[in-house]
Amino acid sequence: MESRPAVRVLSSEEILAQKALEIPFLQAPDLRTVFAERAMRMRQLAAQSSLGEFLRFLAVLAQAQHELAQHYPQLPLIDEAEAARLQRVAGVPFVAAQWYRDPVWRQKLLELGERCALHAPAALRDAIGGLRARSHTWIEAQADLLLTGSQRGLDLALAPLIGAALQLHFTALLAQWEAASQAQPALRGAIGRTLLEGHCPACASPPTASITLAIGPSAGHRYLHCSLCNARWHMPRNKCAHCFRTDDLRYEALELADAGQDPREEAESTAVGRRPAVLAEACGHCLHYLKIMHTDRDPFVDPLADDLYSLSLDLLLGEEGFERYGNNLMLHLARPEDP
Ligand SMILES: [Zn+2]
Ligand SMILES: [Zn+2]
């Protein structure tokens, strides 16, 4: 009788550890789909949210980002030696807040404004009207405030539009970087793991949220989604994205009825046992939280759109003494004092 080698069954932890080595650490955005899918999600959520008008405007804005992304001009990329030097200094190839911004981004800002002005909230529509009269220095200073997370002196009405133009620019830059790195592996190597773990390995911005993937080689794994360049990078599940501790995490979700849904839908979804796709991962050590979104529960979740849709969850966590980790460049208009 033929002898068979002994088969050792791997534990689920071993399987996950092995798989973690195989999965891509960084997922660069696909310019053909990233903004179009966001626009679709915004429209979907707008139909069932108390923030409907704002989300409908953001759908138009994301659609305009998508259209401009299809023909974004080629941006200057640094050479391999400079990439290596920057990585040694900063741990990332381009730190958005310090990176040279090609003036083309301001042209795209004006074009974004023109494409969405008709649908903008009144305060933003007026601000878009005055945008051409603004100096380059003023616009660049606004961009610096957004990229460094500073609110002092920030024009709150224009912030979502300027944020959208910066997202478009840096997403195109990363996509071009990714394409160039196919021929120049050293560029690819510059996007490494020697970074501030909770920040984007491409541009050093904070994430908007994290997302668990359901299909492809990364299925079952969690990625953090960059608030600026739309990169996703792997971070193991059950780990605080702010202090990286793993031993005092809890997960909170809204009752589905509180998430802005039609109560009739809520009754139906409860009947089929649907679990919430968006939760807050809250850490008892550093008292920060980041939202986690599960694509196996809802394949269409978008970190930016679903973050806005679940603002009630932020209120809940705030009441419990938790501070939000993560950034959403569209959040400025969602403040109560804004129209
Ligand atoms: Zn980034
Ligand atoms: Zn923590």
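This report walks through the fold, two zinc sites, one helix pair and two residues near the end of a predicted model.

**Overall picture**

Let's start with the whole chain. The protein chain contains 12 helices and eight strands. It has 339 residues, of which 52% count as buried. Contacts that span a good stretch of sequence are well represented: among those with a separation of 6 or more, 68% join residues 24 or more positions apart.

**The two zinc sites**

The zinc ions are a good place to look next, and the table sets their basic values side by side.

| Zinc ion | Protein donors | Donor distance | Donor angles | Spacing along the chain |
|---|---|---|---|---|
| ligand 1 | C200 (SG), C203 (SG), C226 (SG), C229 (SG) | 2.3 to 2.4 Å | 99 to 119° | C-x2-C-x22-C-x2-C |
| ligand 2 | C240 (SG), C243 (SG), C283 (SG), C286 (SG) | 2.2 to 2.4 Å | 103 to 114° | C-x2-C-x39-C-x2-C |

Take the zinc ion (ligand 1) to begin with. Its four donor atoms subtend angles of 99 to 119°, so the arrangement is tetrahedral. Two of its donors come from distinct elements: C203 sits in the loop between α9 (185–189) and β2 (207–212), while C226 belongs to strand β3 (residues 222–226), and the pair therefore ties together parts that are 23 residues apart in sequence. How accessible are these two cysteines? C203 is buried, at a relative accessible area of 1%, and C226 is buried as well, with a value of 1%.

Now for the zinc ion (ligand 2). The angles between its four donor atoms run from 103 to 114°, which makes this arrangement tetrahedral. Here C243 lies in the loop between β4 (232–234) and β5 (249–252) and C283 in strand β6 (residues 278–283), so this pair ties together parts that are 40 residues apart in sequence. Is C243 buried or partly exposed? With 26% relative accessibility, C243 counts as partly exposed. C283, on the other hand, is buried, and its relative accessible area is 0%.

**A crossing helix pair**

Turn now to two of the helices. A pair of packed helices is described by the angle between their axes and the distance between those axes. For helix α5 (residues 104–116) and helix α7 (residues 136–148), the axes come within 11 Å and cross at roughly 90°. The two helices are therefore roughly perpendicular to each other. On the α5 side, W105, R106 and L109 make the contact, and they meet H136, I139, E140 and A143 of α7. Sorted by class, the residues in this contact are four nonpolar, one polar and two charged.

**After strand β8**

Finally, have a look at the segment after β8, where both G326 and N328 are found. What does G326 approach? Its C-alpha atom is 5.5 Å from that of P206, although the two residues are 120 residues apart along the chain. Beyond its neighbours within four places in sequence, G326 is in contact with P207 and L290.

N328 has a long-range partner too: S227 is 101 residues away in sequence, yet the C-alpha atoms are 6.0 Å apart. Again leaving aside neighbours within four places in sequence, N328 is in contact with T208, L304, D307 and L308. N328 is buried, with a relative accessible area of 2%.

Conventions
Residues are numbered from 1 along each chain as its sequence is written. Chains are lettered from A and ligands numbered from 1 in the order in which they are written. This is a predicted model: local features need pLDDT of at least 70, side-chain atom pairs count only at pLDDT 80 or more; totals for chains, interfaces and linings use all residues. Side-chain values use heavy atoms; hydrogens and water are left out. Axes are lines fitted to C-alpha atoms, for helices over the stretch in contact, and angles run from 0 to 180 degrees between N-to-C directions. Helices (H or I, at least four residues) and strands (E, at least two) are DSSP runs, numbered from the N terminus. Angles under 35 degrees count as roughly parallel, over 145 as roughly antiparallel, 65 to 115 as roughly perpendicular and the rest as oblique. Contact means heavy atoms within 4.5 Å. Ala, Val, Leu, Ile, Met, Phe, Trp, Tyr, Cys and Pro count as nonpolar, Asp, Glu, Lys and Arg as charged, and the others, Gly among them, as polar. Donors are N, O and S atoms within 2.8 Å of the metal (3.2 Å for Na, K and Ca); water is not among the atoms, so sites may look incomplete. Four donors count as tetrahedral if all angles lie between 85 and 135 degrees; four count as square planar and six as octahedral if opposite donors are over 155 degrees apart and all others between 65 and 115; anything else is irregular. Buried means under 20% relative accessible area, exposed over 50%, partly exposed in between (1.4 Å probe, protein chains only).
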